[in-house]
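Good morning, everyone, and thank you for making time for this. I would like to walk you slowly through one structure, so please have the picture open while I speak.

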Amino acid sequence: MTRAFLALILSIVATPAFAHDIASAGGFLAGLAHPVFGLDHVIAMVAVGMWGVFLRAPALWLLPIVFPLVMAFGGVLGIAGVPLPAVETGIAASAIVLGLMVALAARPPLWVAALLVGAFAIFHGYAHGKELADDANALAFSAGFVIATGALHLTGIAFGLLARWPAGRLAVRGAGGAIALLGLAYLSGLA
Amino acid sequence: MTAVTDCAQILLPTNLLPLAALGLLAGQSADRAFSGTLLLFAAGLMVGAIAIAFAVRDPPASIALLALAAIAGLLVAVGRPPLPAIRLALAFGSGAALMLNVPPQAATISVAIAAQLGTGLAALAALGLVGLLTMDETRNWQRIAVRILGSWIAASAILTLALRLVR
């Protein structure tokens, strides 16, 4: 039944292949690819997932539920053209902070983690919102974009689950450190 | 356009998103609430079809569908069944807006009625299927997955709604 459910969801998010211009097939795939081609976004999203593993339940499953919603709020600010200062700095800072949290296996209170991740989600959403184009495929694009973001979180969670083993824990924390260094490179303009 | 191509409009993301969100919401609720949601959705479909027959032109149906998908998706993400009145209002509104968003393009009345009938049945079947599948997801991780889906639907709908309203 779960397979049937997944198949149904995939069929829902897929853009129908009409022969004429009801909707072109490009929207969903373009949205899916959009967050994946920005390394600064990718590392932050993966770090959110990895940190979730260290934070454990309920943060582990709350983050993938809350993050897209807060990111959408940031996207609305970007679409509306509401000025938000230092967006790129905020995105680079998200990689540094989230990477450090993973590297240190930090376990702050849930509200602190939610506040941090939520604030960074606004920066990421804002940047993407400014780039969204209003056309016939806007919804398919948005769905692809949101699903890709969620998939990056799940990738981070899957990788973070390696932390159950001592060697895996070292690898995950090392990856967190690498993400923080990459964020630093973005912030300093080296990357 | 034939009745079949008219019905195929229901496969557009704008129409499928509220259906999926409402189905998830109905499936999260109890069995009895599920049948009530289906009934109100069917009533909404009929009201939408009647409005088209009375030549209601260019209603903001796609905007309404996105807003309804966003609300239903948010409620699914929250994970607690809303008040029955809210769920039933969402079902009725989604049905009416859905039908208004897919007006038949057929040249003859008989083909147009067939298209509306097909669209309504397809929408009901899709809603019922999503609801039944959701009710079947009883394990903890499956319930979380449903909530994540609701969050994704709401986020997609909110972004598109902002695009449509602002730009």
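I will begin with chain A, then turn to the contact between the chains, and finish with the core and one residue of chain B.

Before anything else, please keep in mind that what we are looking at is a predicted model, and that the values I quote are computed from it.

Chain A has 8 helices and 0 strands, so if you follow the chain from the N terminus you will read the elements as α-α-α-α-α-α-α-α. Of the 191 residues in chain A, 48% are buried. If we take the contacts in chain A with a separation of 6 or more, residues 24 or more positions apart account for 86% of them.

Let us now look at one helix of chain A, namely α3, which covers residues 39–55. This helix has 17 residues and reaches 24 Å from its first C-alpha to its last, which is close to the 24 Å expected at 1.5 Å a residue. Is α3(A) largely enclosed by the rest of the structure, or largely open? Because 16 of its 17 residues are buried, α3(A) is largely enclosed by the rest of the structure. Just after α3(A) comes A:R56, and the phi of A:R56 is positive, near 65 degrees.

That brings me to the place where the chains meet. The contact takes 33 residues from chain A and 31 residues from chain B. On the chain B side, α2 (13–28), α6 (109–136) and α7 (140–166) each supply at least two residues, and the largest share, 17 residues, comes from α7(B). The residues on this side of chain B divide into 21 nonpolar, 5 polar and 5 charged.

How do two packed helices get described in general? One gives the angle between their axes and the distance between the axes. For helix α4 of chain A, residues 59–80, and α7(B), the axes come within 9 Å and cross at roughly 0 degrees. The two helices, α4(A) and α7(B), are therefore roughly parallel to each other. Among the residues that make this contact are A:W61, A:P64 and A:I65 of α4(A), together with B:I144, B:R147 and B:W152 of α7(B). The residues of the contact of α4(A) with α7(B) divide into 20 nonpolar, 2 polar and 1 charged.

I would also point out α6(B), which has 28 residues and reaches 40 Å from its first C-alpha to its last, close to the 40 Å expected at 1.5 Å a residue. The buried residues of α6(B) include B:A112, B:G120, B:L127 and B:T134.

Next comes the core. The largest nonpolar core has 113 residues, and those with the most contacts inside it are A:A47, A:A95, A:L98 and A:V102. The largest share of this core, 13 residues, comes from α7(B). If we leave aside residues up to four places away in sequence, A:A95 touches several others, including A:A47, A:I179, A:L182 and A:Y186.

Finally, please find B:G48, which lies in helix α3 of chain B, residues 31–53. Why does B:G48 count as buried? The reason is that B:G48 has 28 C-beta neighbours inside 10 Å, and 20 or more are needed for a residue to be called buried. Not counting residues up to four places away in sequence, B:G48 touches B:G95, B:A96, B:A97, B:L98, B:M99 and B:L100. By contrast, B:G48 and B:S29 are 19 residues apart in sequence and 25 Å apart in space, C-alpha to C-alpha.

Key: Residues are numbered from 1 along each chain as its sequence is written. Chains are lettered from A and ligands numbered from 1 in the order in which they are written. This is a predicted model: local features need pLDDT of at least 70, side-chain atom pairs count only at pLDDT 80 or more; totals for chains, interfaces and linings use all residues. Two residues are in contact if their C-beta atoms, placed from the backbone, lie within 7 Å. Helices (H or I, at least four residues) and strands (E, at least two) are DSSP runs, numbered from the N terminus. Ala, Val, Leu, Ile, Met, Phe, Trp, Tyr, Cys and Pro count as nonpolar, Asp, Glu, Lys and Arg as charged, and the others, Gly among them, as polar. A residue is buried if 20 or more other C-beta atoms lie within 10 Å of its own, exposed if 12 or fewer, and partly exposed in between; C-beta atoms are placed from the backbone. The expected span of a helix is 1.5 Å times one less than its number of residues. A nonpolar core is a set of buried Ala, Val, Leu, Ile, Met, Phe, Trp, Tyr and Cys residues joined through C-beta atoms within 7 Å. Axes are lines fitted to C-alpha atoms, for helices over the stretch in contact, and angles run from 0 to 180 degrees between N-to-C directions. Angles under 35 degrees count as roughly parallel, over 145 as roughly antiparallel, 65 to 115 as roughly perpendicular and the rest as oblique.
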